[in-house]
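Trainee: I have this one open for the first time. Can you walk me through it?

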Amino acid sequence: MASFKDKVVYQIYPKSFQDSNGDGLGDLRGVIQRLDYLKDLGVDYLWLTPFFPSPQKDNGYDVSNYCEVDSRFGTMADFDELVKSADEKGLKIMLDMVLCHTSDQHEWFQKAINGDENYQRYYIFRDGRGDNEPPTNWQCAFGGSAWQWESHLKNWYLHLHDVSQPDLDWTNPKVREELANVVRFWKDRGVAGFRFDVINLISKPEVFEDDTEGLGRKLFADGPHVHEYLRELVKNSGIDGMITVGEMASTDLKNCLLYTRPEDHELSMVFSFHHLKVDYKDGDKWSLMNADIHELKKLFEEWQVGMSKSGGWNAVFWCNHDQPRAVSRFGDDGIESAKMLATTIHLMRGTPYVYQGEELGMTNAKFTSIEQYRDVESLNYYKILLEQGKSESDALKIIGERSRDNSRTPMQWSAEKFAGFSTAEPWISSPKNFETINVENELRDKNSVLNFYKMLIKFRKDNPIVQDGDIEFIERDNDDVVAYRRTLDSKELIVICNFRNSEVKLQDRSLSEYLAAGYKKILGNYESIDTNLRPYESIVFSLN
Ligand code: NOJ
């Protein structure tokens with residue numbers, strides 16, 4: 001399997017990246033217009049979230065035709081041009097395969113509910129339990145039962161996400177064959193890699209029963225045949241050796257090792273999300289609390305060391321289209337915290353992912369009214385929170401922190417109207433700070449977040465120790481910092497990141513002791529070195 005250790009992936013949410021035709025929606029030609037920017041940033045792969053025909057109930061993760069381009073995003077000719085133009089600049093395209101479920105508007109589902117038994121076997125239909133009761137108590141990801149009553153067929157279908165996203169039945173070999181053909185279709189069009197959406201949810205339990213402890217997740221994540229199905233998909237679509245990343249919901253280390261060990265021919269790397277739940281009170285996304293940095297460190301250590309010990313590989317990331325902006329969540333919306341967070345991730349062992357706008361320090365959306373939100377999950381949960389008795393302002397505060405729309409606001413290209421994203425009113429609005437946080441400004445400023453990202457991306461490419469070095473965590477009892485040592489042969493890198501908006505002390509060894517022992521500062525977000533770490537300071541020492 002090829003190595004991706006020196007590579008960096010950039011995630012594009014096409015709907016919010018660049019509008020080329022003035023309809024307020026980003027599109028594929030918009031991506032083509034911005035390829036020079038991406039090349040200059042230094043990234044290698046561009047992962048595009050779904051642009052396939054879709055009713056857009058879940059912004060394209062409800063696919064109604066896997067092998068076409070939605071006319072809102074352009075044409076197949078635009079896609080081919082994107083692959084070709086990117087290739088000319090040394091950039092490769094990765095696509096998002098949503099193979100756990102389709103849209104209810106997909107031809108397969110439509111045939112199923114209109115009586116075609118062949119297609120009924122593509123989905124998971126079950127009888128309920130007596131009067132109006134679904135087959136199990138499982139809950140879907142966006143709130144409410146994971147089962148929907150189908151009035152034509154007089155039974156229930158499973159949807160682990162929105163009601164418009166029926167789950168496919170992977171036990172049916174015909175389904176697996178169809179999906180392998182979809183992946184092969186895009187591979188044959190010049191796609192270099194794939195991201196697989198919630199791929200660890202494809203194998204459902206043998207017996208469908210109530211979850212007596214939770215919402216069902218534990219019962220259907222990393223199911224009994226998931227590894228076998230993945231190996232078969234990779235083989236039958238002909239993508240072995242290409243860059244692939246699986247999005248893993250509620251997974252564990254043991255399974256992620258199996259997903260990514262090269263000898264198993266499943267995936268090159270995984271997204272796991274435990275580190276992005278450290279601010280969920282009692283594990284509940286909709287209960288606010290400050291991030292628990294002690295827990296964050298523990299999780300980083302467990303996944304970094306655990307995966308590397310047994311030959312697994314992590315995707316390392318803070319942001320994506322489902323997460324609030326890291327700089328608002330773990331930082332203070334400011335430049336130093338954006339740079340510190342970038343340092344924490346980019347020098348770890350794994351492949352870094354940059355989500356559009358993260359490289360500028362783009363912040364949460366700062367919406368003030370529920371009318372500004374578009375996301376199905378946010379709108380559902382706003383209702384649920386009100387039903388639970390929360391006041392409108394409390395519900396709005398929670399949505400303001402946790403909404404996926406925080407990361408879906410238009411890319412901030414300039415201080416022009418609509419942030420240089422479009423000439424028309426965009427489908428979702430921008431925070432006011434686009435007037436200062438934008439590409440045009442940051443290209444001009446040598447101390448900008450953007451230039452810091454460029455430097456970090458290049459640093460990985462120039463330094464085998466970042467790509468391949470071992471990792472060990474230090475300052476383990478210090479709850480203010482995340483710090484680790486990378487080693488390769490006789491070389492050493494020490495990465496220290498202060499997660500507090502205040503001055504903090506190191507416990508294992510002070511900054512001056514590092515200097516006295518011959519370590520040199522080679523990177524940081526403050527110019528000088530002080531006695532203690534300053535607010536959100538990150539500092540990297542090297543020793544040869
Ligand atoms: C994960 C995707 O990232 C998210 O945006 C989507 O809603 C769900 N999977 C369902 O496809």
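Mentor: One definition to begin with: Ala, Val, Leu, Ile, Met, Phe, Trp, Tyr, Cys and Pro count as nonpolar, Asp, Glu, Lys and Arg as charged, and the others, Gly among them, as polar. This is a predicted model, where local features need pLDDT of at least 70, side-chain atom pairs count only at pLDDT 80 or more, and totals for chains, interfaces and linings use all residues. Residues are numbered from 1 along each chain as its sequence is written, and side-chain values use heavy atoms, with hydrogens and water left out.

Trainee: How does the shell around the ligand divide into nonpolar, polar and charged?

Mentor: Into 3 nonpolar, 3 polar and 7 charged residues.

Trainee: And which residues are the closest to the ligand?

Mentor: Asp 58, Asp 197, His 321, Asp 322 and Arg 404 are the closest of the 13 that surround the ligand, counting a residue if one of its heavy atoms lies within 4 Å.

Trainee: How far is the side chain of His 321 from an oxygen atom of the ligand?

Mentor: An N or O atom of the His 321 side chain is 2.7 Å from a ligand oxygen. For Arg 404, a polar side-chain atom lies 2.9 Å from an oxygen atom of the ligand; for Arg 195, the distance is 3.1 Å.

Trainee: How much of the ligand does the protein bury?

Mentor: The protein buries 97% of the 300 Å² that the ligand exposes taken alone, by the Shrake-Rupley method with a 1.4 Å probe.

Trainee: New topic. What are the bounds of domain 3?

Mentor: The domain assignment gives 372-402 for domain 3; such bounds come from an automatic or database assignment.

Trainee: How many residues of domain 1 are in contact with domain 3?

Mentor: 20 residues of domain 1 are in contact with 16 of domain 3, where contact means heavy atoms within 4.5 Å. The C-alpha centres of domain 1 and domain 3 lie 24 Å apart.

Terms used:
Polar contact = N/O pair within 3.5 Å; in protein donor to acceptor, adjacent residues only side chain to side chain.
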